[in-house]
Amino acid sequence: MAVPRRYHLLTLGCPKNDVDSAHLARLLEGGELVPVADPGEADAIIVNTCGFIEQSQAQSMAAVRELAAAKREGQVLIVAGCMTQLYGRQVKEETPGIDHVFGVGQWHEVARLLQVDVDAIYDIPESNVRVEGPSAYLKISDGCDAPCTFCVIPKIKGGLRSAPAGLLVKEARRLVEAGAKELVLVGQDTTAWGEDLGMPVGSGLPGLLRMLSEAVGPETWLRLMYAYPSRVTPELIATMAELPNVVHYLDVPLQHGSEAVLRRMKRPHNLERVYRFIEELRRAMPDIVLRTSFIAGFPGETEAEFEELLAFARAVEFDHAGCFTYSRQQWTGAYEMEGQVPDEVKAERRARFMEQQQVISARRAARFIGRTLELLVEGEGEDEDGLPVVAGRTYREAPEVDGLVFARGRARPGERVRVAIEDASEYDLFGRVVRERPGRGRGRAISP
């Protein structure tokens, strides 16, 4: 293989894959390879695949086949990540254009294949840390010890592995110095951080948040994703309420609202406890925004159990809620369960849930009308009348999964400005830029 000089990296799947790809990019660029946006110009094409559910596997395979079909002589096609961890041999056999297959976490091996001396790259220079837009993901752990019967992640990633606190503090500082205004903490279960390092269950994350908050300073938002319901402790709630730069936003994937279904999923199934910690969150942080996700059509789900899910979502009124149809996965406990729900029933139930949730989300969004929020600007442009408009996110919206805020006025991407909210839809807010910067309340709702 000729020594490659240019590479194209395609990342599919979740934000945790984005973090892995950023790590690989730093290795390659530390070895003086140059990224290119057009795969046709690359010497090496690398695909970081997703294998979590059938739809993501199909998307990954379609992308790989398209790249393989367009491959020119001399190009190298490398496929890695979650899907190839599960189906590597099958993927290579079905797509002759693939040159090399790697599993999860084999980024040093990918770099070595491309003739990068990874052993010589002890510390990537600060200038090589790339931040896409004003937000960056900080992966605090990988793998998972939870026994969820629908999830293939432990098969792909293995057990929980927490990144050391010192390394995370160093990486957080580096991302901020590279321009990040917000760090989004991700992991298969962020609330389990530190348990494999000997910390008591649920006790590690509050301490880590304190360290990161001090390390990055009050101007940088910290946003917490993928919290496991049984680990949302009073200590975590108090820490979020106390630290000025931890945004009042929490993502807690609950998966269902029927205790019977949750037992079959091997998920925390005490819904009274869920109601209690949500009440505690809202009491400690009245402006908190809650996101969750649910699964429709899990094996054995009856119409009555699905109605329990709808009733639960109505009772709690999540600001943001996604609903996914159950995807049958090999190597999971639910794969051979009786009572597999027909696809058309799963799709119909998901549609019903989303129809209900749109009404709830619109009502929750409307509570921000008349308030002033701090906006992290992501883009600028003009409306249909040629007037300036900016788009971005407040503490209410996580990157990539929630809506946006559109405001009349001028501001530069990466800047923070105040926005007076004047209207709302199911997912987005609309308003106008107010030039004065707030003195406090970063990451929270600000009084008009």
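## Helices on the parallel sheet

Helix α7 (residues 204–216) lies across four strands, namely β6, β9 (182–186), β10 (221–224) and β11, and runs at about 155° to β10. Helix α8 (residues 234–242) also packs on the sheet, where it touches β10 and β11, and its direction makes about 140° with that of β11. These descriptions, like those that follow, refer to a predicted model.

The sheet itself is open and consists of six strands in the order β6-β9-β10-β11-β12-β13, with parallel pairing. The edge positions are held by β6 (135–139) and β13 (320–325); each has a single partner strand, so one side of each is left without a neighbour in the sheet. On average, and with direction ignored, neighbouring strands of this sheet are turned by 20° against each other.

## Strands β11, β12 and β13

Strand β11 (residues 246–251) pairs with strand β12 (residues 289–296) in the parallel sense, over three bridges. Within this pairing, D251 stands opposite R291 in β12.

On to β13, strand β12 is joined by six bridges, and these two strands run parallel. The bridge partner of F294 in β13 is C323. Between the two strands the chain passes through helix α11 (residues 303–316), and the resulting β-α-β crossover from β12 to β13 is right-handed.

## Aromatic contacts around F294

Eight aromatic pairs are found in a search of the whole structure. In one of them, the rings of F294 and F312 have their centres 6.2 Å apart and their planes at 85°; because an angle over 60 degrees counts as edge-to-face, the pair is assigned to that class. The pair links distant parts of the chain, with F294 in strand β12 and F312 in helix α11, 18 residues apart. F294 is buried, with a relative accessible area of 0%, and F312 is buried as well, at 2%.

F294 forms a further edge-to-face pair with F353, for which the centre-to-centre distance is 5.4 Å and the angle between the planes is 65°. Since F294 lies in strand β12 and F353 in helix α12 (residues 343–366), this pair ties together parts that are 59 residues apart in sequence. Both F294 and F353 are buried. Ring pairs link F294, F312 and F353 with Y275 and F318 into a cluster.

## Cysteines

The structure holds zero disulfides. C144 is in no disulfide, and the nearest cysteine sulfur, that of C148, is 6.2 Å away. C144 counts as buried, at 16% relative accessibility.

C323, the bridge partner of F294 in β13, has its sulfur 16 Å from the closest cysteine sulfur, in C148, which is too far for a bond, because a disulfide requires sulfur atoms within 2.5 Å. C323 likewise counts as buried, at 2% relative accessibility.

## Strands β16, β17 and β18

Strand β18 (residues 429–434) pairs in the parallel sense with strand β16 (residues 405–408), over four bridges. Here R408 has R432 in β18 as its bridge partner.

Strand β17 (residues 416–424) pairs with β18 in the antiparallel sense, over six bridges. R418 stands opposite V434 in β18. Together β17 and β18 form a hairpin, with four residues between them. Strand β18 thus has a parallel pairing with β16 and an antiparallel pairing with β17.

Note on methods
Residues are numbered from 1 along each chain as its sequence is written. This is a predicted model: local features need pLDDT of at least 70, side-chain atom pairs count only at pLDDT 80 or more; totals for chains, interfaces and linings use all residues. Side-chain values use heavy atoms; hydrogens and water are left out. Two strands pair if DSSP finds at least two bridges between them. Buried means under 20% relative accessible area, exposed over 50%, partly exposed in between (1.4 Å probe, protein chains only). Axes are lines fitted to C-alpha atoms, for helices over the stretch in contact, and angles run from 0 to 180 degrees between N-to-C directions. Contact means heavy atoms within 4.5 Å. A crossover is right-handed if, with the strands pointing away from the viewer, the path from the first strand over the helix to the second runs clockwise. Rings of Phe, Tyr and Trp (its six-membered ring) pair if their centres lie within 6.5 Å; planes under 30 degrees apart count as stacked, over 60 as edge-to-face and the rest as tilted.
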